[in-house]
Amino acid sequence: MTSLQSIDLVCPVCDNHFRSQSVVSTNSFGGKRTDFHERAAGAQPLPYLVHTCTACGYSGVERSFVEGAEVSTHVRSQVLTVLTPRVAQHQLDTASERYHAAAQVAEWEGAHPRHIADLLLRAAWCCVDDSDHEGERYYRRAAAQRFTEALDLADAVPSTERAVLTYLVGELWRRVGDDVLAAEWFERVDTEIVDPEDQAWVRDAARQQRESPREWFG
Ligand SMILES: [Zn+2]
């Protein structure tokens, strides 16, 4: 079971006080997809790990709303221009839309592309859970592009994590149906291995997904 609790949040953009729900505990008994999407038995926790101000649309994880959290003038003006109109138009109602908004806020804050990619990947996973295939493809592509940017930045990703991110980019392209790009990325995984013993599973997963893809690990 995933258990939730009500939390009180304060918006650093518009000072709105509002209630949201957060995850107290969850589980991964629902298995793990080959793009690392963990499924819980019972309710899925992902929609409750991102929060959106009900007044202005500012979005982020819980720590973005702690007392004393501050945002820059640039972020505030972007939120009011881009996100606030979406509140009235009910375009920040689904979990994927809220993760997308959080990714935009991260972008305005100048966050690392890997962090932005993680939020976009979560948006894609929420679309999977909501059977929104078009949204899933959109966010998977956006996440793949941001992970690629992160890998292209010199020294931005620790060498021990490059192989698994390279595998993930391949898996994202495979899941949007671009088998050529997927194969290129899966083949690249070998060149990113820095610890053949510890990372044997990544090499094996890349080979598996290239030759005879599986949807779930295990
Ligand atoms: Zn607000």
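1. Let's start with one pair of residues: Val10 stands opposite His17 in β2. A bit further along, Asp8 stands opposite Arg19, also in β2. Keep in mind while you look around that this is a predicted model.

2. Those pairs belong to a hairpin. Strand β1 covers residues 3-10 and strand β2 covers residues 17-25; the two run antiparallel and are joined by eight bridges. Between the strands sit six residues, and Asp15 in this hairpin is worth a click, as its phi is positive, near 65 degrees.

3. Now zoom out. The domain assignment splits the protein chain into domain 1 (3-151) and domain 2 (158-218). Measure between their C-alpha centres and you should get 26 Å.

4. How many residues of domain 1 are in contact with domain 2? There are 19 of them, and they meet 22 residues of domain 2.

5. Then there's the area. The size of an interface is often given as the accessible area lost when the parts come together. Here domain 1 and domain 2 bury about 2,000 Å² between them, with 70% of that on carbon and sulfur atoms. On the domain 1 side, three names to colour are Thr34, Phe36 and Leu151: together they supply 38% of the area that domain 1 buries against domain 2, more than any other three residues.

6. What about charges across the interface? The rule finds one salt bridge between domain 1 and domain 2. If you look at Arg114, you'll see that this residue forms a salt bridge with Glu161, and their closest N and O atoms are 2.5 Å apart. Polar contacts across the interface add up to 10 residue pairs, counting pairs with both residues at pLDDT 80 or more.

7. Which elements give two or more residues to the side of domain 1 that touches domain 2? They are α3 (113-129) and α4 (133-152). Helix α4 brings the largest share of that side, nine residues. By type, the residues on this side of domain 1 come out as six nonpolar, five polar and eight charged.

8. One last stop, back to salt bridges in general. The structure holds 13 of them. Among them is the one between Asp35 and Arg140, where the closest N and O atoms are 2.8 Å apart. Asp35 lies in the loop between β2 and β3 (51-52) while Arg140 lies in helix α4, so this pair ties together parts that are 105 residues apart in sequence.

Key. Residues numbered from 1 in each chain as written. Predicted model: local features only at pLDDT ≥ 70, side-chain atom pairs only at ≥ 80, totals over all residues. Heavy atoms only, no water. Domains from an automatic or database assignment. Contact = heavy atoms within 4.5 Å. Buried area = accessible area lost by both parts, 1.4 Å probe. Salt bridge = Lys/Arg side-chain N within 4 Å of Asp/Glu carboxyl O. Polar contact = N/O pair within 3.5 Å; in protein donor to acceptor, adjacent residues only side chain to side chain. Helix = DSSP H or I, 4+ residues; strand = E, 2+ residues; numbered from the N terminus. Nonpolar A, V, L, I, M, F, W, Y, C, P; charged D, E, K, R; others polar. Pairing = 2+ DSSP bridges.
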